[in-house]
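Reader: Hey, I've got a structure open and want to talk through its side chains. Can we go through it together?

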Amino acid sequence: MLKQYPADLHIHTCLSPCADDDMNPANILNMARLMGTKIIGICDHNSAKNVKPVQEAAKDYDILVIPGMEVESAEEVHLLVFFEDLSIMAEWQEYVYSHLPPRKNNPEFFGRQQIVDKESNVIDEEEQMLLAAASLTAEEISQRVFEMGGMLVPAHIDRRTYSLWGQLGFIPENLKLTAVEISRNICETEARKKFSISEKISVITSSDAHRLKEMVFQKTFLYLESPSFLEIRKAFEAKEGRRVIIKE
């Protein structure tokens, strides 16, 4: 029997320099529970070093945490990447880091890049500047994610900057997309028409939260048998009755 699971698959932690310092595991999970969100995706900029502590903290909550990352391609396109487990995500992170420019972060200018533990204590700071484009094209990212068994979702496609449509002006047919994300500023019907999104591609909307108050936004619901990476993939692919619904 399929059940409805509210989902927010694009949330930043205090590892992203543009996110508030209070975006730690405890605060994120408490806000998610308050909003009734059952599935969240942790997607920091070009890094996944805070996914594990959020997952570990989530054991005390009825919330599934999907390992994710918001990768910036060479074209300055933001792409959400999801993998089933942390070991694959660690391999992906190493791959991305090897293609980032060798620059150190300037906390006073860009913001702190805080690494935390499951109790939300700051245990380190990432020195690699995360607000940068990797030397990987969107096509190269798409192919590598596909080969590693992950899911690829272009972020906030309706934005003028850092989006697939904003940077390229179209959705390349050769990209192996699992779904497409739109922002809170547009509805699904308008987005499909404006950006020529095929009916075969699922559309989700997420908070893209960089601060706790932004997590109040909730419109995506996944119809699954149970919350898991495999079930989410089935929903994105509209298989076996699983599906994605955006409630306007």
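Reader: OK, first one: is R242 buried or exposed?
Author: R242 counts as buried, at 7% relative accessibility. Buried means under 20% relative accessible area, exposed means over 50%, and partly exposed is in between, using a 1.4 Å probe and protein chains only. One heads-up: this is a predicted model, where local features need pLDDT of at least 70 and side-chain atom pairs count only at pLDDT 80 or more, while totals for chains, interfaces and linings use all residues. Residues are numbered from 1 along each chain as its sequence is written, and side-chain values use heavy atoms, with hydrogens and water left out.

Reader: Cool. Which residue does R242 form a salt bridge with?
Author: That's E225, with the closest N and O atoms 3.6 Å apart. R242 is in the loop between α8 (229-236) and β11 (243-246), and E225 is in the loop between β10 (220-224) and α8, so the pair ties together parts 17 residues apart in sequence. A salt bridge here is a side-chain nitrogen of Lys or Arg within 4 Å of a carboxyl oxygen of Asp or Glu. Helices (H or I, at least four residues) and strands (E, at least two) are DSSP runs, numbered from the N terminus.

Reader: And E225, how exposed is that?
Author: E225 is partly exposed, with a relative accessible area of 46%. E225 and R242 also belong to a salt-bridge network with E231, K234 and E240.

Reader: How many salt bridges does the structure hold?
Author: There are 16. One of them joins R192 and E199, with the closest N and O atoms 3.9 Å apart. R192 counts as buried at 12%, whereas E199 is exposed at 65%.

Reader: Switching topic: how many aromatic pairs are there?
Author: Four. Rings of Phe, Tyr and Trp (its six-membered ring) pair if their centres lie within 6.5 Å; planes under 30 degrees apart are stacked, over 60 edge-to-face, and the rest tilted. Among them is F83 with W92, a tilted pair at 5.8 Å centre to centre and 50° between the planes. Both F83 and W92 are buried.

Reader: Which residues do ring pairs link into a cluster?
Author: F83, W92 and Y95.

Reader: What lies over the face of Y95?
Author: R144 does, at 3.9 Å from the ring centre. For that, NZ of Lys or CZ of Arg must be within 6 Å of the ring centre and within 35 degrees of the ring normal. K176 likewise lies over the face of F146, at 5.3 Å from the ring centre.
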